[in-house]
Amino acid sequence: MQTIYWLLVALMVVGIIGSVVPAIPGASLILVAIVIWGFVRGSFATISVPLVVTAVVLLLSIGVDFLAAYLGAKRAGASKWGQIGAIVGFIVGFLGLLPALPVGGPLLGMLLGPLLGAIIAEFLYRRDFFLAVKAGVGIVVGTVVGNLIQGLLAIAAVVVFLITTWPQVFGS
């Protein structure tokens, strides 16, 4: 039982990392681990609190993701073109279609792609390089802040799980 517990906690740690790093599932991995624990224990009553908390965290994470990028873009004066450029840049960076990077690979591409995509799209739309750079940086900063908030929410969900399930596995 303890081995399964630690494997599920390891899966949750990957979920925490995924909440901060784009393209890795985050809160959904934590939710899956909690559901698996419910099946292992044979009772969902024992995991009702962490299950509800994690479901709320998952919904909040989705909201934070969109809201943080939107607020970062809006604060920096980005247009819809800049936001679209950031999305396209993220996809291009993630797929590795940026010129070969000597270090970092797709992870660095996921950070540089949205920045370059937003700058290019804003520049094409407004023809003002300074404003384009400002908008690109705003979108990326908003996204990074959103990812950090998602990471904190994921940590909170895992802590609630550990607090509520620890006595089941290791006694009081």
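Start with E122: at 1% relative accessibility, this residue counts as buried. Keep in mind that the model is predicted.

**Stop 1: the salt bridge**

Keep E122 selected and add R126. The two form a salt bridge. Their closest N and O atoms are 3.5 Å apart. Now show helix α5, residues 105-126. R126 and E122 are 4 residues apart in α5, so about one helical turn separates them. Is R126 buried, partly exposed or exposed? R126 is partly exposed, with a relative accessible area of 31%. E122, by contrast, is buried. How many salt bridges does a search of the whole structure find? The search finds 1.

**Stop 2: the whole chain**

Zoom out and colour by secondary structure. You should see 6 helices and 0 strands. From the N terminus on, the order reads α-α-α-α-α-α. The chain has 172 residues, and 35% of them are buried. Next, look at contacts between residues at least 6 apart in sequence. Of these, 66% join residues at least 24 apart.

**Stop 3: α1 against α2**

Select residues 2-20 for α1 and residues 27-41 for α2. The two helices pack at an angle of about 165°, and their axes are 7 Å apart. Angles over 145 degrees count as roughly antiparallel, so α1 and α2 are roughly antiparallel to each other. Their crossing is left-handed.

Now show side chains at the contact. On α1, pick I4, Y5, L8, L11, M12, V14, G15, I16 and S19. On α2, pick A27, L29, I30, A33, I34, I36, W37 and V40. Colour these by class. The contact has 15 nonpolar residues, 2 polar ones and no charged ones.

**Stop 4: α2 against α6**

Keep α2 on screen and add α6, residues 129-170. Here the packing angle is about 15°, with the axes 11 Å apart. Which way do the helices run relative to each other, parallel or antiparallel? Angles under 35 degrees count as roughly parallel, so α2 and α6 are roughly parallel. α2 passes α6 in a left-handed crossing.

Select I30, I34, W37 and R41 in α2. They meet A154, A157, V158, F161, T165, Q168 and V169 in α6. By class, this contact has 8 nonpolar, 2 polar and 1 charged.

**Last stop: shared residues**

Finish on I30, I34 and W37 of α2. These residues take part in the contact with α1. I30, I34 and W37 also meet residues of α6.

Conventions:
Residues numbered from 1 in each chain as written. Predicted model: local features only at pLDDT ≥ 70, side-chain atom pairs only at ≥ 80, totals over all residues. Heavy atoms only, no water. Axes fitted to C-alpha atoms, helices over the stretch in contact; angles between N-to-C directions. Parallel < 35°, antiparallel > 145°, perpendicular 65-115°, else oblique. Left-handed = near helix turned anticlockwise from the far one by under 90°. Contact = heavy atoms within 4.5 Å. Nonpolar A, V, L, I, M, F, W, Y, C, P; charged D, E, K, R; others polar. Salt bridge = Lys/Arg side-chain N within 4 Å of Asp/Glu carboxyl O. Buried < 20%, exposed > 50% of the residue type's maximum accessible area, 1.4 Å probe, protein only.
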